[in-house]
Amino acid sequence: MTTAAIDARAGRRCHNVLNSLHSTHYFSPDLGRELGALGVTDAPAVNFAARAAALGPVGAGAVTAAFYNYKHDLVARHVPAVWQTVTPEQALAARLRAVDATLRRLLGEEAVASAGMAEAAELALRAAEGCTRSARPLYSAHADLPVPDAPHLAFWHAATLLREHRGDGHLAVLVAADLDGLEALVTHTATGKGLAPKWVFSTRGWTREEWDAAVGRLRERGLIDADGALTEEGTTLREGIERETDRLDAAPYARLGAEGVARLTELAGGFARTALGAGAFPADLLAGR
């Protein structure tokens, strides 16, 4: 077992807890309330406005490309029309207000104001200094945004940078593996760690028929068996995708160092467990639940 492999797994563990904290706002009523007050009331439009706003008033093609696993028809129903209701700048401000309310509600005022939160923000921002912009549109767009002053918002901002940096690299690996957006979702769900199909249908715009067709294509490639589980070849492919994603995402965690990564994982993990215990996510969100 090499040091590089240990470091890669440590970086992935750190990413996983940071991603959990970043993602809380997508399921928060605070986000819908803030954007709803500006006239954006449809759930998919709220999602697109919140995450795509950093890119500017882009069209459906850019959002579909950057998000990868959303059906283009769903994106095109809301983008660019959403920018006629709310500007990207307004959407970003609404998102930050929602994140503030969500973290205060899930973590509590004491945690938000704690020394641990300030330390987590400092560590995550330092790690984000190791990120690179090339071929990473969502990360690069968010890297242009100012760092909020409040420690809990600075921490969330840094978690977002690290999340989108890994995500952009992950998409390149999925393309190299010849998995389209829906096939990527199907294989991830088959690992037991991805979204349950009902959430894929309701949030990504795909239908059961399209899901079944993707399963059929993957079965023909020998990646999915008759029961819908990953074959040995499919498992090998998914594991290889994660390892290559780790490699492309190694720089931020190398910059932080082993001790820094361990400490950030400890702090972020504690906050993530608190958020999970406070009901941050639907109980049936993941396929393995």
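Q: If a salt bridge is a side-chain nitrogen of Lys or Arg lying within 4 Å of a carboxyl oxygen of Asp or Glu, which residues are linked in a network of salt bridges?
A: The network takes in Arg-12, Arg-166, Arg-238, Glu-242, Asp-246 and Asp-249. Bear in mind that this is a predicted model, where local features need pLDDT of at least 70 and side-chain atom pairs pLDDT 80 or more, while totals for chains, interfaces and linings use all residues. Numbering starts from 1 along each chain as its sequence is written, and side-chain values rest on heavy atoms, with hydrogens and water left out.

Q: How many salt bridges does the rule give?
A: The count comes to 23.

Q: What makes Arg-166 and Asp-246 a salt bridge?
A: Their N to O distance is 2.8 Å, and the cut-off is 4 Å, so the pair qualifies.

Q: Why say that Arg-166 and Asp-246 tie together parts that are apart in sequence?
A: Arg-166 sits in helix α10 and Asp-246 in helix α14 (residues 232-248), so the bridge joins parts 80 residues apart. Helix here means a DSSP run of H or I with at least four residues (a strand would be E, at least two), numbered from the N terminus.

Q: Why is Arg-166 called buried?
A: Its relative accessible area is 5%. Buried means under 20%, exposed means over 50%, and partly exposed is what falls in between (1.4 Å probe, protein chains only), so Arg-166 earns the label. Asp-246, at 7%, is buried too.

Q: Why does Lys-198 count as partly exposed?
A: Lys-198 has 47% relative accessibility, which puts it in the in-between class. Asp-284 is also partly exposed, at 34%.

Q: How do you know that Asp-284 forms a salt bridge with Lys-198?
A: The closest N and O atoms are 2.8 Å apart, so the 4 Å limit is met.

Q: What makes Glu-164 and Arg-51 a salt bridge, going by their closest N and O atoms?
A: Those atoms are 3.0 Å apart, so this pair passes the 4 Å test as well.

Q: Which distant parts of the chain does the pair of Glu-164 and Arg-51 link?
A: Glu-164 belongs to helix α10 (residues 151-176) and Arg-51 to helix α3 (residues 43-52), with their positions 113 residues apart. Both Glu-164 and Arg-51 are buried.

Q: Where does Arg-51 lie relative to Phe-67?
A: Arg-51 lies over the face of Phe-67, 4.4 Å from the ring centre. The rule asks for NZ of Lys or CZ of Arg within 6 Å of the ring centre and within 35 degrees of the ring normal.

Q: Why is the pair of Phe-27 and Trp-199 called edge-to-face?
A: The centres are 6.2 Å apart and the planes make 75 degrees. Rings of Phe, Tyr and Trp (its six-membered ring) pair when their centres lie within 6.5 Å; under 30 degrees is stacked, over 60 is edge-to-face and the rest is tilted, so 75 degrees makes the call. Phe-27 is in the loop between α1 (3-23) and α2 (29-36), whereas Trp-199 is in helix α12, 172 residues away in the chain. Trp-199 is buried at 18%, and Phe-27 is partly exposed at 31%.

Q: Why is the pair of Phe-48 and Tyr-70 edge-to-face?
A: The ring centres are 5.5 Å apart and the planes stand at 65 degrees, so both limits are satisfied. Phe-48 lies in helix α3 and Tyr-70 in the loop between α4 (60-67) and α5 (72-78).

Q: How many disulfides does a search of the whole structure find?
A: Zero. The sulfur of Cys-131 is 11 Å from that of Cys-14, its closest cysteine sulfur, and a disulfide needs the two sulfur atoms within 2.5 Å, so there is no bond. Cys-14 is buried at 0%, and Cys-131 is buried at 10%.

Q: How do you know that the reach of helix α8 is close to the expected one?
A: From first C-alpha to last, α8 (residues 115-128, 14 residues) spans 20 Å, close to the expected 20 Å. The expected span is 1.5 Å times one less than the number of residues.

Q: What do the buried residues of α8 pack against?
A: Their partners are α6 (88-107), α7 (109-112), α9 (137-143), α10 and α15. Among the buried residues of α8 are Met-117, Leu-123 and Ala-124.

Technical notes: Contact = heavy atoms within 4.5 Å.
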